[in-house]
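Please look over the chain shown below before reading on. The report that follows takes up its annotation, its fold, its charged pairs and its local backbone geometry in turn.

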Amino acid sequence: MAEINVTPLVDVMLVLLIIFMITTPLMNHKVKVQLPEAVVQKKEDKKQQIPPITISVTEAGELFLNDEPTTRQAIESRLSVEAQKTPQPPVQIRGDKTTPYRLINEVVKIAQAQGMAKVGFITTPPKKGQ
């Protein structure tokens, strides 16, 4: 017999047709309602943008607070004052590629000990070709 038996194919197609006929009415919503249209307006920030506190750490362990040379004690006192403010400014830590992580970790611990909630790291974004 050289002909293809199409009976199983027809059976499968009929079963699929019946399934689609049963499930299609279930996909529609039963209750028709007119939904209101929303007008989206860009809100202006009523809050003032708080400038972040930037702490830079060099490979040699030198500290800079907002690009000015400083000491650990000065950073601790400044952060303890800033931690009391509402809303609290974020702390951004910048470090050289070759700065040992323990130096950056010490700065993070100082910020957390003073009660700063938002401590982040500044990095250079990757180039598009990489």
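## The annotated segment

In UniProt, an unreviewed entry places the feature "transmembrane region" at residues 6–27. In the model discussed here, which is predicted, that stretch is 77% helix and 0% strand, and the C-alpha atoms at its two ends lie 32 Å apart.

## Overall architecture

The secondary structure of the chain amounts to 3 helices and 5 strands, and from the N terminus on these elements follow one another in the order α-β-β-β-α-β-α-β. Of the 130 residues that make up the chain, 18% count as buried. When contacts between residues at least 6 apart in sequence are considered, 68% of them join residues at least 24 apart.

## The packing of helix 2 and helix 3

Helix 2 and helix 3 pack with their axes 9 Å apart and at an angle of about 35°, and the crossing by which helix 2 passes helix 3 is right-handed. On the side of helix 2 the contact is made by Arg 72, Ile 75, Glu 76 and Leu 79, while helix 3 contributes Leu 103, Glu 106, Ile 110 and Ala 111. By class, the residues of this contact divide into 5 nonpolar and 3 charged, with no polar residue among them.

Two of the charged residues in this contact, Arg 72 and Glu 106, also meet through their side chains in a salt bridge, with an N to O distance of 2.8 Å. The pair links distant parts of the chain, since Glu 106 belongs to helix 3 (residues 101–113) and Arg 72 to helix 2 (residues 72–83), 34 residues apart. Glu 106 has a relative accessibility of 28% and is therefore partly exposed, and Arg 72, with a relative accessible area of 33%, is likewise classed as partly exposed.

## Salt bridges within and beyond helix 2

How many salt bridges does the count come to? With a side-chain nitrogen of Lys or Arg required to lie within 4 Å of a carboxyl oxygen of Asp or Glu, the count comes to 4 salt bridges, including the pair of Glu 106 and Arg 72 already described.

Another of these pairs is formed by Glu 82 and Arg 78, whose closest N and O atoms are 3.2 Å apart. Both residues lie in helix 2, and because they are 4 residues apart there, about one helical turn separates them. Their surroundings are not alike in accessibility: Glu 82 counts as buried at 8% relative accessibility, whereas Arg 78 counts as partly exposed at 31%. Salt bridges that share partners join Arg 78, Glu 82 and Lys 85 into one network.

## A salt bridge between strand 4 and a loop

Which parts of the chain does the salt bridge of Arg 94 with Asp 67 tie together? The closest N and O atoms of Arg 94 and Asp 67 are 3.6 Å apart. Arg 94 lies in strand 4 (residues 91–95), and Asp 67 in the loop between strand 2 (63–65) and strand 3 (68–70), so the salt bridge ties together parts of the chain that are 27 residues apart in sequence. Arg 94 is partly exposed, its relative accessible area being 37%, while Asp 67 is exposed, at 58%.

## Local backbone geometry

The loop between strand 2 and strand 3 that holds Asp 67 also contains Asn 66, and each of these two residues merits a note on its backbone. Asn 66 has a positive phi of about 50° although it is not a glycine, and Asp 67 has a positive phi of about 65°, again without being a glycine. Asn 66 counts as partly exposed, with a relative accessibility of 31%, whereas Asp 67, the partner of Arg 94 in the salt bridge, is exposed.

Elsewhere in the chain, the peptide bond that joins Thr 86 and Pro 87 is cis, with omega of about -5°. Pro 87 is found in the loop between helix 2 and strand 4.

Conventions: Residues are numbered from 1 along each chain as its sequence is written. This is a predicted model: local features need pLDDT of at least 70, side-chain atom pairs count only at pLDDT 80 or more; totals for chains, interfaces and linings use all residues. Side-chain values use heavy atoms; hydrogens and water are left out. Buried means under 20% relative accessible area, exposed over 50%, partly exposed in between (1.4 Å probe, protein chains only). Axes are lines fitted to C-alpha atoms, for helices over the stretch in contact, and angles run from 0 to 180 degrees between N-to-C directions. A crossing is left-handed if the near helix is turned anticlockwise from the far one by less than a right angle, and right-handed if clockwise. Contact means heavy atoms within 4.5 Å. Ala, Val, Leu, Ile, Met, Phe, Trp, Tyr, Cys and Pro count as nonpolar, Asp, Glu, Lys and Arg as charged, and the others, Gly among them, as polar. UniProt positions are given in the numbering used here, feature names are shortened, and annotations may be inferred rather than shown by experiment.
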